[in-house]
Amino acid sequence: MKKTQVELESRVIVGAHGVAAEEDHIVMSKVVGIGAGSLVIFAVGIVWAYAIQVRTMKEAQPDGPPPRPAAMGQYEVGIVNQRLFEQDWHAEEKIGGQQQALQAGWGDQPGVKAHPNLDEAMKTVIAKSRNPPPAPPAPAPPPAPEPTPAPRQ
């Protein structure tokens, strides 16, 4: 049934500033139908992709997946650490050992701590850099050639 001009114009809302706008009419049956249709299309696509994956895996590996490598689960394979950072304590143990060595100091005798302050250490380094290293010893002269005996006649 066709609407008359009066019925069409009755839906027009005129605002305070003279702006005319038609009220919104959303056909929910179409919105729900399009949503349900798209979900069905996505479901068919998921099933189709899964079937393709299963068929491709059977072609690529007819005997099933390969056995698990022997090195799997070890701490380090080659030079690559295999553990998660949260589970790996090697770095903290190494740094802890280095910190203990720094706190223990150094010295000529075992068990003696000697911590030079920064100024003394810098003076030692500067003094060593100012003194040139000793010159290498002069090479020995080559041995004199032995005289050859005179030919006999």
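Helices here are DSSP runs of at least four residues and strands are runs of at least two, both numbered from the N terminus. The model in the viewer is predicted.

**Residues 31-51.** Select this span to begin. UniProt, in an unreviewed entry, places a "transmembrane region" at residues 31-51. In the model the span is 100% helix and 0% strand. Its end C-alpha atoms lie 31 Å apart.

**Helix H2.** Widen the selection to residues 28-60, which make up helix H2. H2 has 33 residues, and the distance from its first C-alpha to its last is 48 Å. That is close to the 48 Å expected at 1.5 Å a residue. How many of the 33 residues of H2 are buried? The number is zero, so H2 lies largely in the open; a residue counts as buried only when its relative accessible area is under 20%.

**Val32 and its patch.** Pick Val32, a residue of H2. Val32 has a relative accessible area of 52%, and it is classed as exposed because that value is over the 50% cut-off. Now add Ile26, Met28 and Val31 to the selection: together with Val32 they form a nonpolar patch on the surface. The accessible area of these four residues together is about 410 Å².

**Helix H4.** Move to residues 118-130, which form helix H4. The end C-alpha atoms of H4 are 18 Å apart, in agreement with the 18 Å that its 13 residues should span at 1.5 Å a residue. H4 is hardly covered, with a count of zero buried residues among its 13.

**The whole chain.** Finish by showing everything. The chain has four helices and four strands, and from the N terminus on the elements run α-β-β-α-β-β-α-α. Of the 153 residues in the chain, 1% are buried. Among contacts with a separation of 6 or more, 0% come from residues 24 or more positions apart. The accessible surface of the chain is about 15200 Å², and carbon and sulfur atoms account for 64% of that surface.

Conventions:
Residues numbered from 1 in each chain as written. Predicted model: local features only at pLDDT ≥ 70, side-chain atom pairs only at ≥ 80, totals over all residues. Heavy atoms only, no water. Patch = residues over 30% accessible without salt bridge, like charges linked within 9 Å, V, L, I, M, F, W, Y side chains within 5 Å. Areas by Shrake-Rupley, 256 points an atom, 1.4 Å probe, with all protein chains shown as cover. Salt bridge = Lys/Arg side-chain N within 4 Å of Asp/Glu carboxyl O. Buried < 20%, exposed > 50% of the residue type's maximum accessible area, 1.4 Å probe, protein only. Contact = heavy atoms within 4.5 Å. Expected span 1.5 Å × (residues − 1). UniProt positions renumbered as here; feature names shortened; annotations may be inferred.
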